[in-house]
Amino acid sequence: VRPLGPRAALVECADLHDAVAVHARLAAADLPGLVDCVAGAETVVVRASTTDALREVVRAARAVPRGSAGAGGARTVTIDVVYDGEDLAAVGELTGLGADGVVRFHTGQAWTAAFAGFAPGFFYCVGEDGPDVPRRGTPRTAVPAGSVALAGRFSAVYPRSSPGGWQLIGRSAARMFDLDREDPALLRPGDRVRYRPVRELVEVAATAARTAPVRGPHLTVGAPGLQTLVQDGGRAG
């Protein structure tokens, strides 16, 4: 355990599975004074309201047994995927599974949402078994939103268009991050993810909801100026 100031700490774990377990236990423990708990590949960052609360959180983290499973209340999220990605055939050759074998490997197991990535809604999901898939030699400058991809031991769905070097094996209409939802991120650390193969994607348009009249206190910007910035008071995490 390494200190990150007087009220935060970095808990270093043995591996990815231990980090998932520590995060799940702490998140489910309802510890007094625990302000924030963020999982990484082999670390968990905890932040508490006081130094005394931090000591109790660290003590709870140390007590999590090695190799323990995550919280029993983990959700299962199903994501529909059309497997027609540009790199599907290449991944089949790299792994020796063939394109159909890659689809069977991807859909035939439960994945765990281990930790969040570089963009809101981007989650590194780790599988129970399977090959280590190398990244592309040259990253793409723009990966379409909804792209389903593999890299190393991880699978992910791109929540928005962005550069990326992962291997694209399919696409999904799942909204990985949507500010119109009460909980914007579709996944949470520890969730179980099932990828379901479909022939086509059906997406319900949200135009009506987005154009509905705004109720309650709000601010309407009629003509934003150059470099206008609207900023709130912030929040934990």
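Begin with the whole protein chain in view: among its contacts with a separation of 6 or more, 63% join residues that are 24 or more positions apart. What you see is a predicted model, and the chain in it has five helices and 13 strands. Turned along its principal axes, the C-alpha trace spans about 55 × 55 × 35 Å.

Keep the full chain selected and switch on a surface. The protein chain exposes about 13800 Å², of which carbon and sulfur atoms supply 52%, while 38% of its 237 residues count as buried. If you then colour by charge, you will find 26 positive and 25 negative side chains, and the centres of these two sets lie 3 Å apart.

Next, select Leu4, Val38 and Val45, which form a nonpolar patch on the surface with about 210 Å² of accessible area together. Of these, Val45 can be followed into strand E4, which runs over residues 43-48. Is Val45 partly exposed or buried? Val45 counts as partly exposed because its relative accessibility is 31%, and the buried class ends at under 20%.

Now move inward and select helix H4, residues 98-107. Its buried residues are Gly101, Val102, Val103, Phe105 and His106. What do the buried residues of H4 pack against? Show helix H3 (88-95) together with the strands E6, E9 (147-151), E10 (154-157), E12 (167-171) and E13 (192-197), since the buried residues of H4 pack against each of these elements.

From H4, step along the chain to Gln109, which is found in the loop that leads from this helix to strand E6 (111-116). Gln109 has a relative accessible area of 7%, and therefore it counts as buried, the cut-off being under 20%. Leaving aside neighbours within four places in sequence, the residues in contact with Gln109 are Gly127, Glu128, Asp129, Val193 and Arg194.

For the last stop, select Ser155 in strand E10. With a relative accessible area of 0%, Ser155 is buried. Which residues does Ser155 touch, not counting those up to four places away in sequence? Display His106, Trp111, Phe123, Tyr124, Cys125, Ala149, Leu150, Trp166 and Tyr195 around Ser155 to see these contacts; His106 is also one of the buried residues of H4. Finally, draw a distance between the C-alpha atoms of Ser155 and Ile169, which are 14 residues apart along the chain and separated by 9.9 Å.

Definitions and conventions. Residues numbered from 1 in each chain as written. Predicted model: local features only at pLDDT ≥ 70, side-chain atom pairs only at ≥ 80, totals over all residues. Heavy atoms only, no water. Helix = DSSP H or I, 4+ residues; strand = E, 2+ residues; numbered from the N terminus. Buried < 20%, exposed > 50% of the residue type's maximum accessible area, 1.4 Å probe, protein only. Contact = heavy atoms within 4.5 Å. Patch = residues over 30% accessible without salt bridge, like charges linked within 9 Å, V, L, I, M, F, W, Y side chains within 5 Å. Areas by Shrake-Rupley, 256 points an atom, 1.4 Å probe, with all protein chains shown as cover. Salt bridge = Lys/Arg side-chain N within 4 Å of Asp/Glu carboxyl O. Lys, Arg positive; Asp, Glu negative; His and termini not counted. Charge placed at Lys NZ, Arg CZ, Asp CG, Glu CD.
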